[in-house]
Amino acid sequence: KKQQKLSHKYNVKKEIIKFNSKISLDAEIYNQIFNTDNKLISSDNYKTGSYYRLFPILGISTESPFKLNKYKSNLTFKPSLHIVVTPGISNSNKLSNEDSTNNDFSLNNIYVLNRYSGNDKMDNSKRITFGLSAYTTNLNTNLYQSYEFTNNSNFHKEQGNDDNLSDLLGSIEYSKNNKISYNFRYDLNESYLKKQNISLDTYTKYGDVNLSYLDENSKTNNIITKDTETINYSFLSKKFSKFSKINFGGLYDLKEEINKEYSISYSYFDECFGINIDFNRKSYEEDNLKPQDILTLMFSFKNIGSY
């Protein structure tokens, strides 16, 4: 889009321990200058010019962990609360969006001030987020939900939240010798699961195995256009014959009943020499995407390099 951007972000953070709680004050202040050339903003309407944006995001959060010793001594509860305030200015279509497209409403960004992955788009939300965690040495559970005070929150709407009260996010993870986890996104207003993921990591004497099941509704955001149901699988062996390893994995589409991705590799690396053979098959076929097979062979030599 021939866009140039100069962006500066100033971060402020202060933590206070008081009243058996941790209180955090956060702020991000963005100063940005955009120069856009011939950007299409509507039918036969193009924008050329410069644009300056000052965008502060302010947040305050608190968490208060406690235990119920009479029931289970190592079980800890941690309620939390997070309030975010911004100017509330909606994102303009006069600017090209080059780095804020891959976004997700999840536990990973529930307490992030700017929930967009980049800073072409800014999170213009005024919200309160509340959550409860409970954990022991091996078990960890989380529940979170947020409420938007305004109706023009760009991120909130783009991620498939139709009402001011967001979907409920939750997770449970058990880890000891192996690890199993489950996370979900539940629409309380329509009473259905928008997204769920089950993952299992197993560590054996032969290698590491990972299995992951994903069921995702098309209403999770404005990029996904159809329901998805897939299984990811992978195996990474331990070293055998002293210097060798094998690795294979793939993605199976349960809706279309086809292996969309498949890969297998062999590697040998000793003190002086290495060889790596990779085979990848991708079966995607949509618009300009075509199925493809890729075979890669790499030789590595100490003090010389790789070819």
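**Entry 1: terms and model**

I count a residue as buried when its relative accessible area is under 20%, as exposed when it is over 50%, and as partly exposed in between. By that rule Lys22 is partly exposed, because its relative accessible area is 28%. I note that the model I am reading is a predicted one.

**Entry 2: salt bridges**

I searched the whole structure for salt bridges and found 19. I looked up three pairs and one network.

The first pair is Lys22 and Glu63, whose side chains meet in a salt bridge with an N to O distance of 3.7 Å. Lys22 belongs to strand E2 and Glu63 to strand E3, so this pair ties together parts that lie 41 residues apart in sequence. For Glu63 I read a relative accessibility of 22%, so I put it down as partly exposed.

Which residues share a network with this pair? I find Lys13, Glu15, Lys22, Asp26 and Glu63 linked by salt bridges.

The second pair is Lys195 and Asp104, with the closest N and O atoms 3.2 Å apart. This pair links distant parts of the chain, 91 residues apart. Lys195 is in strand E10, which covers residues 192-203. Asp104 is in the loop between E5 and strand E6 (127-135). Is Lys195 buried or exposed? Lys195 has 18% relative accessibility, so I enter it as buried. Asp104 has a relative accessible area of 24%, so I enter it as partly exposed.

The third pair is Lys194 and Asp187, where the closest N and O atoms are 3.5 Å apart. I looked up the accessibility of each partner. Lys194 is buried, with a relative accessible area of 1%. Asp187 is also buried, and its value is 4%.

**Entry 3: the nonpolar patch**

I next looked at a nonpolar patch on the surface, with about 940 Å² of accessible area together. Its members include Ile16, Leu25, Leu58, Ile60, Phe130 and Tyr147. Leu81, Ile83 and Val85 are also in the patch, as are Phe149, Leu165 and Leu188.

Which strand gives the most to the patch? I find that E5 does, with three residues. Strand E3 (45-63) and strand E5 (76-85) each supply at least two residues.

I picked Leu25 from the patch for a closer look. I place Leu25 in strand E2, which runs over residues 21-42. Leu25 has 35% relative accessibility, so it counts as partly exposed. A patch residue needs over 30% relative accessible area, so Leu25 at 35% passes that cut-off. I also compared the position of Leu25 with that of Gln292. The two are 267 residues apart in sequence, and their C-alpha atoms are 50 Å apart in space.

**Entry 4: the largest pocket**

I looked up the largest pocket and noted about 530 Å³ of space in it. Its lining has 18 residues. Which of them lie nearest its centre? I read Lys226, Thr228, Asp253, Lys260 and Tyr284.

Strand E12 (228-237) and strand E13 (244-253) each supply at least two residues of this lining. The largest share comes from E12, with three residues. By class, I note 10 charged residues in the lining, together with four nonpolar and four polar ones.

**Entry 5: the second largest pocket**

The second largest pocket has a volume of about 350 Å³. I find that 22 residues line the second largest pocket, and that Ser106, Leu107, Asn108, Asn183 and Asn197 are the closest to its centre.

Which strands each supply at least two residues of this lining? I list strand E7 (139-148), strand E8 (168-175), strand E9 (179-187), E10 and strand E11 (207-216). By class, the lining has 10 polar, seven nonpolar and five charged residues.

**Entry 6: positive phi**

Last, I looked up two residues with a positive phi. Asn20 has a phi near 60°, a positive value in a residue other than glycine. I find Asn20 in the loop between strand E1 (4-18) and E2. Asn20 is exposed, with a relative accessible area of 74%.

Asn303 is not a glycine either, and its phi is positive at about 70°. Where is Asn303 found? Asn303 is in the loop between strand E16 (292-301) and strand E17 (305-306). Asn303 has 77% relative accessibility, so I count it as exposed.

Technical notes: Residues numbered from 1 in each chain as written. Predicted model: local features only at pLDDT ≥ 70, side-chain atom pairs only at ≥ 80, totals over all residues. Heavy atoms only, no water. Patch = residues over 30% accessible without salt bridge, like charges linked within 9 Å, V, L, I, M, F, W, Y side chains within 5 Å. Areas by Shrake-Rupley, 256 points an atom, 1.4 Å probe, with all protein chains shown as cover. Salt bridge = Lys/Arg side-chain N within 4 Å of Asp/Glu carboxyl O. Helix = DSSP H or I, 4+ residues; strand = E, 2+ residues; numbered from the N terminus. Buried < 20%, exposed > 50% of the residue type's maximum accessible area, 1.4 Å probe, protein only. 1 Å grid on protein atoms, 1.4 Å probe; cavity = no way out; pocket = protein on both sides within 12 Å on 5 of 7 lines; lining within 4 Å. Points joined across faces, edges and corners; volume = space filled by probe spheres on them. Nonpolar A, V, L, I, M, F, W, Y, C, P; charged D, E, K, R; others polar.
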